[in-house]
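Biologist: Could you walk me through this structure, one feature at a time? I would like to learn how to read each of them.

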Amino acid sequence: AFQSPLRVQDAHEGFNLNLRIPDWPMSFSWSRSALTQDSDLSFNANAFDRNTERFSYTLSHDFSEYSRLTFRSDIDQVTQTSGMFNSDIRNQRHRLLHYWNFGDNKEHRLDSSFSLTQRKDQFDSTMFDWSENLYLKHSEEFSTFYNLLVSRSTFNEVDAQSVTGLAGFRHRLYANLTTQ
């Protein structure tokens with residue numbers, strides 16, 4: 001139950017910048033927001049402050065019409081105060097993706113991705129993922145696929161690692177009879 005009306009102040013600012021450099025288009029964005037909540041009471045039991053700052057960067061590059069690279073980085077800094085409790089949280093996420101079509105008719109495809117996520121607050125964590133996905137089209141009726149995922153995560157000095165693989169095929173004998 002509130003003992004007086006709450007006042008909320010909210011402010012935002014930011015910018016976006018897109019650079020159209022031939023073969024290397026990139027964009028930058030930055031924003032900041034501040035939220036304050038308080039009341040008319042002297043002890044201010046409902047006081048709350050949250051400040052968020054974000055930065056993002058993306059980059060793309062086409063090596064050819066069959067090969068494309070994309071990179072994205074996001075960083076968030078959040079500071080929050082509620083009564084006597086304070087928290088500072090910093091999140092970072094970086095992703096690198098590469099797509100490559102190959103073969104005589106560019107019928108095969110290899111997708112590679114790397115992802116790193118870090119969170120810093122009272123419980124720090126880091127996650128790294130690497131994946132490879134290969135698709136081979138042997139004929140109009142038969143194709144195979146192979147997937148590999150390598151993951152490593154750390155949560156407050158505790159490490160976990162995994163390697164996952166998957167392979168399969170798709171065979172179409174008739175238009176309405178497909179085996180996978």
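Biologist: Where does Phe-15 lie?

Modeller: Phe-15 lies in strand S1, a strand being a DSSP run (E, at least two residues), numbered from the N terminus. This is a predicted model, in which local features need pLDDT of at least 70 and side-chain atom pairs count only at pLDDT 80 or more, while totals for chains, interfaces and linings use all residues. Residues are numbered from 1 along each chain as its sequence is written, and side-chain values use heavy atoms, with hydrogens and water left out.

Biologist: Is Phe-15 buried or exposed?

Modeller: Phe-15 counts as partly exposed because its relative accessibility is 43%; buried means under 20% relative accessible area, exposed over 50%, and partly exposed in between (1.4 Å probe, protein chains only). Phe-15 also belongs to a nonpolar surface patch with Leu-17, Leu-19, Ile-21 and Trp-24, which together have about 420 Å² of accessible area. Such a patch takes residues with over 30% relative accessible area and no salt bridge, with nonpolar side chains (Val, Leu, Ile, Met, Phe, Trp, Tyr) joined within 5 Å and like charges within 9 Å. The areas come from the Shrake-Rupley method with a 1.4 Å probe.

Biologist: How do I read the sheet?

Modeller: Strands of a sheet pair through backbone hydrogen bonds, either parallel or antiparallel. Here, an open sheet of 10 strands runs in the order S1-S2-S3-S4-S5-S6-S7-S8-S9-S10, with antiparallel pairing. Strands S1 (6-19) and S10 (177-179) are at the edges, each with a single partner strand, so one side of each has no neighbour in the sheet. Two strands pair if DSSP finds at least two bridges between them.

Biologist: How many bridges join S8 to strand S9?

Modeller: There are 14 bridges between S8 and strand S9 (residues 158-174), which run antiparallel. One bridge partner in S9 is Val-158, opposite Phe-155. The hairpin of S8 and S9 has two residues between the strands, and Asn-156 takes a positive phi near 50 degrees there. S9 and S10 also form a hairpin with two residues between them, pairing in the antiparallel sense over three bridges.

Biologist: And what should I look for in aromatic pairs?

Modeller: A pair of aromatic rings is described by the distance of the centres and the angle of the planes. Rings of Phe, Tyr and Trp (its six-membered ring) pair if their centres lie within 6.5 Å; planes under 30 degrees apart count as stacked, over 60 as edge-to-face and the rest as tilted. This structure holds seven aromatic pairs. In one of them, the ring centres of Phe-28 and Tyr-57 are 5.0 Å apart with planes at 45 degrees, so the pair is tilted. Phe-28 is in strand S2 (residues 26-39) and Tyr-57 in strand S3 (residues 48-64), so the pair ties together parts 29 residues apart in sequence. Tyr-57 is buried at 17% relative accessible area, whereas Phe-28 is partly exposed at 24%. With Phe-71, Phe-28 and Tyr-57 form one aromatic cluster.

Biologist: What about charged side chains?

Modeller: Side chains of opposite charge can pair when their charged atoms come close. A salt bridge is a side-chain nitrogen of Lys or Arg within 4 Å of a carboxyl oxygen of Asp or Glu. The structure holds nine salt bridges. One of them joins Glu-13 and Arg-32 (2.7 Å, N to O). The pair links distant parts of the chain, with Glu-13 in strand S1 and Arg-32 in strand S2, 19 residues apart.

Note on methods. Helices (H or I, at least four residues) and strands (E, at least two) are DSSP runs, numbered from the N terminus.
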